[in-house]
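Here are a few notes to help you find your way around. Please keep the viewer open and follow the points in order.

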Amino acid sequence: MTLSMPSSLPEATVFSSSSPREISSISLDNVTLGYSRQPVVEGLSLNLQQGKVNILIGPNGCGKSTLLRAMAGLLKPTQGSAVLQGKELHKWPRRTLARALSFLPQAPEVPENMTIGQLVEQGRFAHRGLIRALTAEDREAVSWALEQTGLLDYRERSMRTVSGGERQRAWIATALAQQASILLLDEPTTYLDLGHQLEVLELLQELSTTQGLTIALSLHEINHALMFADSLTLLANGKLLYSGPPQELVTTGLIESTFAIRGQYLNIPGHGPLHIATSSQRRKNPLPLARTA
Amino acid sequence: MQPAPSSSMSGIASSLKKNRKIPAQQLSGSRISGGLLGLVIFSFPIVVILAIFLGTVDLETAETLFALFGEGSQRTDTIIAFQRLPRVIVGLLVGVHFALSGALLQAITRNPLADPTILGVSQGATLAVMLFLMFAVYAGNSDGSQLFTIPLEYLPLAGCLGGLIAGFAVYLLSWQSGLSPLRLTLMGIALGAVLHALAMGLLAGWGSTRMESILLWMSGSLYARGWDHLIYLLPWTVASLFFLPLLRRPVRLLQLEDDCATSFGLSVPLWRSLALAVGAGLAASAVGVVGPVGFIGLVVPHLARYLSRGTNQHFYIPIVALLGAGLVVGSDLIGRLLLSPNEVPVGIIAALLGVPVFLVLLRRYG
């Protein structure tokens with residue numbers, strides 16, 4: 001491990017005893033983000049909770065992906081700063097940054113002629129560089145990542161021929177093989193059926209509790225966010241509406257107003273209140289079919 | 001299987017893993033490709049030896065052998081040392097250049113149909129060679145006295161420079177959009193079309209006196225290629241020997257989306273630029289020396305991928321190089337013998353051989 005631990009962070013000492021990984025977190029300070037001068041996110045500040053599952057929710061186009069790209073150092077803020085370990089993200093050398101954080105875009109393009117095993121090996125580039133052969137440590141990391149995602153028997157399968165769910169898990173395995181202490185995922189449950197969605201979310205939760213990984217992901221499914229988030233962030237129109245524990249978001253009524261839905265909260269023991277949406281607020285004039293004659 | 005790094009990590013996911021075996025069909029497929037690969041490796045030296053021993057001038061085998069050690073008659077020595085040997089070596093290098101450049105360009109533009117024409121390199125070289133030939137002819141006074149002369153042996157240099165300039169222009173035009181593969185491809189095709197149109201216009205307008213040599217060059221020929229042509233090829237061959245091992249992993253990552261490659265730790269603009277420079281240099285030098293030989297750059301990477309299926313991925317690039325070299329030298333040999341003493345240009349034979357192979361590959365794996 002090459003990154004030094006920032007001594008100023010009090011949490012560092014707490015986690016270092018239980019985990020060999022270096023501890024770090026990303027903080028965004030008053031950032032404005034945008035493609036070609038039109039801001040998608042304006043004046044937003046957010047600190048990722050270290051060693052926790054941070055979930056971003058918000059309606060389509062609210063800036064979730066943009067925010068995650070900025071956290072991954074792929075988009076330089078036009079204003080404000082995005083900082084990891086006291087250093088602005090865009091100033092990090094790419095390979096050093098890749099050992100500290102890994103990012104998975106939403107539904108990445110499928111590479112030609114690559115097996116799942118070969119793809120997951122790409123996740124070791126940050127450690128191997130241009131020349132170094134696969135070491136025992138690399139192989140172990142790859143096998144571990146494949147095992148975590150249930151893909152050990154799929155190594156030799158081509159990325160083009162496997163199902164959407166297996167493909168998505170292969171991408172997650174690639175990010176895991178990178179063995180970074182921060183994991184950013186843009187809608188990692190897209191294309192997965194409900195069982196596999198929960199499986200991925202449980203895996204991420206387990207990684208944060210047992211390995212102390214800092215995880216940030218965006219989700220569409222509000223209830224999954226309520227169930228799995230240690231810290232929940234709600235965005236709308238590039239602005240931060242709420243950031244904090246999910247239980248408190250439920251009491252604000254922001255979910256219904258932001259997503260323009262109506263429904264009811266249902267208390268599930270062990271999971272707190274979940275929201276059952278029953279109708280949309282947007283439709284002023286429902287179709288005639290919906291009426292009872 | 002390797003043990004998990006931490007016992008606490010015994011995955012929830014692992015309970016859901018399914019046991020699926022690789023279908024037997026796939027195994028027998030890689031056995032066939034493995035056999036074909038053996039055949040290719042075995043026949044490569046035979047093709048090279050045949051290309052030295054057979055030709056338009058019928059030489060005795062023993063005489064050729066003597067000539068190879070400088071012990072033959074003067075006539076045989078000359079034919080072997082200054083015609084066949086350099087021609088075969090130039091052919092080998094040109095084949096390696098076209099094939100490697102095709103493999104590089106296909107990977108970094110993420111376009112399985114890419115070849116040296118996709119960056120406008122071939123078209124740029126063609127236009128430059130035409131301009132060169134125009135000036136070589138017309139750079140005289142109207143009364144026939146020479147104003148100045150441009151020696152014809154600089155023709156490969158003109159072609160090489162033209163190709164490099166076109167490739168660099170495409171690079172600059174794509175820079176603003178972060179060298180995205182789509183942008184590179186569109187710019188390359190657009191610029192290539194313009195350059196091609198200009199070249200055709202030149203050919204129609206002033207080409208009559210040199211029409212024949214221009215057409216011969218455009219179909220890609222190894223005729224009368226000698227030792228001096230190696231100067232244009234070898235620097236790029238050496239550079240690629242140095243850079244290709246470094247480029248192997250970056251090029252593999254560049255086949256992923258830019259965001260993925262970047263977050264896996266690759267500095268995408270740097271490595272894409274370097275890979276483009278090597279690809280364009282290999283293509284431009286080869287086009288400059290023999291003209292735009294099509295299909296080698298397009299077909300060989302696919303063929304090599306098929307042949308290397310059962311092997312370690314480290315062998316892919318050497319197989320690309322071997323196939324390219326063998327295909328060019330073999331095509332040239334056929335071209336020399338087919339209508340002897342006339343020659344069919346290597347580019348035509350390469351295309352005639354390459355297309356059926358390509359169609360078979362497309363049908364089976366497209």
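**Two sheets and a helix**

1. A good place to begin is a strand pair in chain A: strand β1 (residues 26-35) and strand β4 (residues 79-84) run antiparallel and are joined by five bridges. To find the register, look for A:Asp29, which faces A:Ser81 in β4(A). Please bear in mind that this is a predicted model.

2. Now step back to the sheet that holds this pair. Its four strands, all antiparallel in their pairing, follow the order β2-β1-β4-β5 in chain A, and the sheet is open. Because β2 (38-47) and β5 (87-88) of chain A stand at the edges with a single partner strand each, one side of each has no neighbour in the sheet.

3. Which helix lies across β1, β2 and β4 of chain A? That is helix α2 (residues 64-71) of chain A, which runs at about 120° to β1(A).

4. Chain A also has an open sheet of six strands, with mixed pairing and the order β6-β7-β8-β3-β9-β10. Here the edges are β6 (101-104) and β10 (239-244) of chain A; each has a single partner strand, so one side of each is left without a neighbour in the sheet. From one strand to the next, the twist averages 15°.

5. Within the six-stranded sheet, take a look at strand β3 (residues 53-57) and strand β9 (residues 231-236) of chain A, which run parallel and are joined by four bridges. One residue to pick out is A:Asn54, whose bridge partner in β9(A) is A:Ser231.

6. Two helices of chain A are worth finding against this sheet. Helix α8 (residues 194-211) of chain A packs on the sheet and touches β3, β7 and β8 (214-218) of chain A, its direction making about 155° with that of β8(A). Helix α7 (residues 164-177) of chain A lies across β6 and β7 (182-185) of chain A, at about 165° to β6(A).

7. Finally, turn to chain B. Helix α3 (residues 74-108) of chain B has 35 residues and spans 49 Å from its first C-alpha to its last, close to the expected 51 Å. Where does α3(B) bend? The bend, of about 35°, is at B:Ile80.

8. Is α3(B) mostly covered or mostly uncovered? Mostly covered: 27 of its 35 residues are buried. Just after α3(B) comes B:Arg110, with a positive phi of about 50°.

Methods:
Residues are numbered from 1 along each chain as its sequence is written. Chains are lettered from A and ligands numbered from 1 in the order in which they are written. This is a predicted model: local features need pLDDT of at least 70, side-chain atom pairs count only at pLDDT 80 or more; totals for chains, interfaces and linings use all residues. Side-chain values use heavy atoms; hydrogens and water are left out. The expected span of a helix is 1.5 Å times one less than its number of residues. The bend at a residue is the angle between axes fitted to the seven residues ending there and the seven starting there. Buried means under 20% relative accessible area, exposed over 50%, partly exposed in between (1.4 Å probe, protein chains only). Two strands pair if DSSP finds at least two bridges between them. Contact means heavy atoms within 4.5 Å. Axes are lines fitted to C-alpha atoms, for helices over the stretch in contact, and angles run from 0 to 180 degrees between N-to-C directions.
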